[in-house]
Amino acid sequence: MGEICLLLTCRNRNIADDHSVFNKPVLYHTVLLLLETHAPMTDKKQLLCALPKIDEALAGLVGRTGSIPAQLIKLAVRHCIDSERQRILTDDKDCSLLTREQWDERLLEAITLKNQMNLRRVINGTGVVIHTNLGRSVLSAPIVDALQQAGAHYTNLEFDLSSGKRGSRYSLVEDIICDLTGAEAALVVNNNAAAVLLTLDTLANGREVIVSRGQLVEIGGSFRIPDVIAKSGAHLVEVGATNRTHLADYEKAITNETALLLKVHTSNFRIIGFTSEVSAEELVALGQVKGLPVMEDLGSGSLVDLSSFGLPQEPTVQQIVKAGVDVITFSGDKLLGGPQAGLIVGKKEFIDRIKRNPLNRALRIDKFTLASLEAVLRYYYDLDQVLTRIPTLWMLTQPVDLIKRRARRLMRRVHQTTQAVCSIDLLPTMSRVGGGAMPEHGLSSWAVTFKPVHMPVSAMEKGLRKLPIPIIGRIEDDSLLLDMRTVNDNEIPELAASLITFLRGSELP
Ligand SMILES: *Cc1c(COP(=O)(O)O)cnc(C)c1O
């Protein structure tokens with residue numbers, strides 16, 4: 001039978017090519033029918049010959065693709081057929097012949113997918129508040145409004161409204177950052193990695209930077225302190241041991257070539273046990289004696305002390321400024337709760353030098369960052385309100401009872417209509433701060449857990465990721481967990497509706 005199929009499939013090609021005997025789609029369908037009714041085909045040549053031609057495939061989709069641009073449809077179809085061809089050539093284990101209907105479904109799915117925005121909203125059920133893979137900090141509606149204003153209209157981005165002359169984009173937030181941190185001067189660049197690079201390049205290019213061995217961290221996304229120092233043109237001088245570094249270690253390492261003493265927040269790891277670190281104050285005192293500036297990369301850099309909410313005590317930016325550190329860098333979208341940005345604060349003489357560095361121009365922030373950063377920073381003038389106004393801070397500090405109530409609300413909505421297909425429960429769990437902040441610290445929280453009847457939990461996890469608004473959860477003990485700390489109250493109705501549709505669909509074969 002295989003031979004007949006092969007012959008027919010290949011004849012189809014020749015005949016169709018010279019347009020003489022048969023109409024191509026008719027022959028194609030005949031062959032498909034013949035093939036489907038007989039033994040499964042695994043021969044690569046047969047599979048390749050049976051791939052639809054692009055024009056045929058497009059003809060089959062007419063009237064089913066709405067207003068999707070023809071160019072996009074064609075590219076999606078070509079890509080789909082090409083990748084199936086590639087799959088047949090490289091791995092024939094799972095390849096089988098698709099019917100015309102199956103091809104149409106597959107192509108429509110590919111077209112719809114290609115027509116969707118690649119950057120999409122998701123629902124974060126992971127309980128990781130500052131989730132770098134999910135975009136770190138979420139902005140509140142008034143802050144988004146500031147973004148919208150900056151995008152939809154002309155702005156005074158670099159125009160001084162009082163003089164009518166060219167202005168500086170940095171001046172728009174510098175005074176506010178100085179008010180809030182107590183620093184003499186400030187600058188904002190693309191992100192904290194850029195802030196560290198720019199500062200090192202300005203203050204230590206071609207000279208030595210002294211860092212404790214316990215602080216040579218790697219942050220996610222390939223940011224490594226030794227590599228950034230090398231890229232800035234500075235030379236790394238490591239001092240101390242992994243677990244203990246003393247002031248004398250820094251002192252002994254200082255030479256004529258030393259440009260900077262650098263302290264780095266260990267962010268995403270902790271050294272515990274027999275440890276010792278030199279404080280910012282001690283390092284500043286040493287720097288003053290030796291005439292050397294001190295820099296601290298604070299990583300998350302919070303402007304509020306969150307320890308009264310059960311989070312670990314971390315020095316605030318204000319405290320580090322007060323300790324006399326000359327230049328401090330931190331992220332805009334970690335504990336600050338704003339847009340992606342790198343804030344550099346400190347003594348005016350150093351900040352002025354950093355501002356004049358030509359590299360600064362390459363790392364500058366855009367009007368959207370400035371608009372949202374300014375709006376976020378303004379909330380910090382009112383410390384009574386800041387925790388409820390900035391989503392990142394609210395998610396970190398909200399009472400656990402509220403999280404439990406939210407979990408119950410979701411469960412009640414989903415449970416009734418899906419009890420036949422999924423067992424649903426409430427479970428106390430632990431959320432994470434994320435963003436490399438407070439790595440060992442769990443936050444008490446509540447999750448809704450799902451154990452589907454008709455599919456493995458891994459299939460549910462995958463299925464939820466593919467929804468129009470993807471839902472991201474985590475699997476624990478053979479259940480899917482949605483931690484309600486990182487889900488907003490107003491997301492519950494649509495989250496519930498999506499879950500119900502998905503779970504009901506799981507019943508179908
Ligand atoms: C997160 C972090 C960085 C990188 O900050 P981005 O804003 O992600 O560029 C640098 N240093 C430390 C200590 C960090 O925690």
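Which helix does I492 lie in? Helix α21, residues 492–505. I'll come back to that residue. One caution before anything else: this is a predicted model.

Let me start with the whole chain. DSSP-style assignment gives 21 helices and 16 strands. The C-alpha trace spans about 95 × 55 × 55 Å along its principal axes. The radius of gyration is 30 Å. A compact globule of 509 residues would come out near 23 Å. Keep those two values together when you look at the picture.

Next, burial and surface. Of the 509 residues, 48% count as buried. The chain exposes about 25300 Å². Carbon and sulfur atoms supply 53% of that area.

Contacts now. Take pairs of residues at least 6 apart in sequence. Of the contacts between them, 75% join residues at least 24 apart.

On to charge. There are 57 positive side chains and 58 negative ones. How far apart do the centres of the two sets lie? They lie 3 Å apart. The salt-bridge count comes to 25.

I'd like to walk through one group of those bridges. R64, R100, D104 and E105 are linked in a network. Look at D104. Its side chain meets that of R64 in a salt bridge, 3.8 Å from N to O. R64 lies in the loop between α4 (54–61) and α5 (70–90), and D104 in helix α6 (residues 100–115), so this pair ties together parts that are 40 residues apart in sequence.

D104 also forms a salt bridge with R100. The closest N and O atoms there are 3.8 Å apart too. The setting is local this time. R100 and D104 are 4 residues apart in helix α6, so about one helical turn separates them.

So what about accessibility in this network: which of these residues are buried, and which partly exposed? D104 is buried, with a relative accessible area of 9%. R100 is buried as well, also at 9%. R64 is partly exposed, at 42%. The cut-off matters for that reading, because buried means under 20% and exposed means over 50%.

Another bridge sits further along the chain. The side chains of E476 and R474 meet at 2.9 Å, N to O. E476 is partly exposed, with a relative accessible area of 32%.

Stay in that region for the backbone. D477 has a phi near 50°. That is a positive value in a residue other than glycine. D477 lies in the loop between β15 (474–476) and β16 (479–483). Its relative accessible area is 73%, so D477 is exposed.

There is a second case of this kind. Where does R136 lie? In the loop between β2 (128–130) and α7 (141–152). Phi of R136 is near 55°, again positive in a residue other than glycine. Is R136 buried or exposed? R136 counts as buried, at 19% relative accessibility. The cut-off is under 20%, so R136 falls on the buried side of it.

Now back to I492, as promised. Its relative accessibility is 0%, so I492 counts as buried. What does I492 touch, leaving out residues up to four places away in sequence? R406, R409, L410, R413, M484 and V487. There is also a distance to note. I492 and I123 are 369 residues apart along the chain. Their C-alpha atoms are separated by 9.9 Å.

Last residue: V325. V325 lies in the loop between α13 (317–322) and β10 (327–331). This loop residue is buried, with a relative accessible area of 3%. Leaving aside neighbours within four places in sequence, V325 is in contact with A280, V284, V294, M295, E296 and I320. One more distance here. The C-alpha atoms of V325 and D305 are separated by 19 Å. Those two residues are 20 apart along the chain.

To recap. The radius of gyration is 30 Å, where a compact globule of this length would have one near 23 Å. R64, R100, D104 and E105 form a salt-bridge network. D477 and R136 have positive phi values. I492 in helix α21 is buried at 0%, and V325 is buried at 3%. That's it from me.

Terms used. Residues are numbered from 1 along each chain as its sequence is written. This is a predicted model: local features need pLDDT of at least 70, side-chain atom pairs count only at pLDDT 80 or more; totals for chains, interfaces and linings use all residues. Side-chain values use heavy atoms; hydrogens and water are left out. Helices (H or I, at least four residues) and strands (E, at least two) are DSSP runs, numbered from the N terminus. The radius of gyration is taken over C-alpha atoms; the globule rule is 2.2 Å times the number of residues to the power 0.38. Buried means under 20% relative accessible area, exposed over 50%, partly exposed in between (1.4 Å probe, protein chains only). Contact means heavy atoms within 4.5 Å. Accessible areas come from the Shrake-Rupley method with a 1.4 Å probe; for residues, only the protein chains shown count as cover. Lys and Arg count as positive and Asp and Glu as negative; His and the chain ends are not counted. The place of a charge is taken as NZ of Lys, CZ of Arg, CG of Asp or CD of Glu. A salt bridge is a side-chain nitrogen of Lys or Arg within 4 Å of a carboxyl oxygen of Asp or Glu.
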